Amino acid sequence: MRARFRFGANHWCQQPLAKLMPDDVLGSAATKALNLKGALQSLVLLHNGVRMPAIACGTGGDNNNSAQVTVSAALSAGFTHIDTAHDYNDQAGVGRAIHLFNKPSPPLFLTSKVPGCGVPTQGLMPPCFNNTLKAVEEDLSLLNYTSATSTSAGVDLMLVHFPPLLGCI
C-alpha cells in the first residue's frame, strides 16, 4: 500500500504506513515515532545480496528545484532510499540535494529508471540497446552522484520504466 505526504506546496514522497494508522492501532505518538523510524530502517534483501531500504522517497512530478527541496526534506526526515527516473526530468535537483546533505547517515540507496524501448507511444525507439545505454549515461551524468553502496556511477538500482510487453526490438 502506497500513500503520499507533502513536504511543502508540491513536494510528495511515499508515506510510511505508520503515519496512516490511527492512535488506537499504534498507540501513542512515541510509539508511532518508533514505528516510523523502524519503517525507514527496514531493508529488503535483493536476489544479488544487496540490502535495499524498503521505503523510498519518490520524486515523480517535481522539477529540479522542487526535487531538491523534496529530497533534502526526505533526507533530513531519515529516508535512505531516493527514487527518481529519466522521465521525471529532475535528476539534477536530486543530485544537488544529495551533494548538499552533509549529515552522517546510513549509506544512501538511489533508484532510477530509464524509458522502455520499442513502445510506439512512449519511451525510446530502436536501436534499443544504443538508445537505452545513452539514456542511462544521461541519467548518471545529470545525477552527478557517486554511491557508497554501488560500483556504478551512483545508482544502486536502475530499472526499465514501462518496459515493452513483447520484449525489445
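**View 1. Contacts across the whole chain, in a predicted model.** Let us start with how the chain folds back on itself: among contacts with a separation of 6 or more, 60% are between residues 24 or more positions apart. Please keep in mind that this is a predicted model. The chain has 169 residues, and 38% of them are buried. Its exposed area comes to about 9600 Å², with 60% of that supplied by carbon and sulfur atoms.

**View 2. The order of helices and strands.** Here you can trace six helices and eight strands. Following the sequence, they come in the pattern β-β-α-α-α-β-β-β-α-β-α-β-α-β.

**View 3. An open sheet of four strands.** The strands are arranged in the order E5-E6-E7-E8, and their pairing is parallel. At the edges lie E5 (57–58) and E8 (157–161), each of which pairs on one side only. In general, the strands of a sheet pair through backbone hydrogen bonds, in either a parallel or an antiparallel way.

**View 4. Bridges from strand to strand.** Moving through the sheet, we begin with E5 and E6, which run parallel and are joined by two bridges. For a pair to look for, Gly58 has Asp83 of E6 as its bridge partner. Next, three bridges link E6 to E7, again running parallel, and Ile82 sits opposite Leu110 in E7. Finally, E7 pairs with E8 over five bridges in the parallel sense; in this part of the sheet, Thr111 stands opposite Leu157 in E8.

**View 5. Strand E7, covered on both faces.** All seven of the seven residues of E7 are buried, so this strand is largely enclosed by the rest of the structure. One side carries Phe109, Thr111, Lys113 and Pro115, while Leu110, Ser112 and Val114 are on the other. It is worth picking out Lys113 here, as this residue belongs to the buried set too.

**View 6. Helices H4 and H5 side by side.** Two packed helices are described by the angle between their axes and the distance between the axes. For H4 (residues 64–77) and H5 (residues 91–100), the angle is about 35° and the axes are 7 Å apart. Their crossing is right-handed. On the H4 side, the contact is made by Asn64, Asn65, Ala67, Gln68, Val71, Ser72 and Leu75. H5 contributes Gln91, Ala92, Gly93, Val94, Arg96, Ala97, Ile98 and Leu100. Sorted by class, this contact holds eight nonpolar, six polar and one charged residues.

**View 7. The buried residues of H5.** Staying with H5, we now look at Gln91, Gly93, Val94, Gly95, Ala97 and Ile98, which are its buried residues. What do they pack against? Their partners are H4, strand E6 (81–83), strand E7 (109–115) and helix H6 (128–143). This view therefore brings together the helix pair and two strands of the sheet, since H4, E6 and E7 are included among those partners.

**View 8. Thr80, a buried loop residue.** Thr80 is found in the loop between H4 and E6. Is this residue buried or exposed? Thr80 is buried, because its relative accessible area is 11%, which falls under the 20% cut-off. Setting aside neighbours within four places in sequence, Thr80 is in contact with Leu40, Pro53, Pro106, Pro107, Leu108 and Phe109. Phe109 may look familiar, as it is one of the buried residues of E7.

Note on methods: Residues numbered from 1 in each chain as written. Predicted model: local features only at pLDDT ≥ 70, side-chain atom pairs only at ≥ 80, totals over all residues. Heavy atoms only, no water. Buried < 20%, exposed > 50% of the residue type's maximum accessible area, 1.4 Å probe, protein only. Contact = heavy atoms within 4.5 Å. Areas by Shrake-Rupley, 256 points an atom, 1.4 Å probe, with all protein chains shown as cover. Axes fitted to C-alpha atoms, helices over the stretch in contact; angles between N-to-C directions. Left-handed = near helix turned anticlockwise from the far one by under 90°. Nonpolar A, V, L, I, M, F, W, Y, C, P; charged D, E, K, R; others polar. Pairing = 2+ DSSP bridges.
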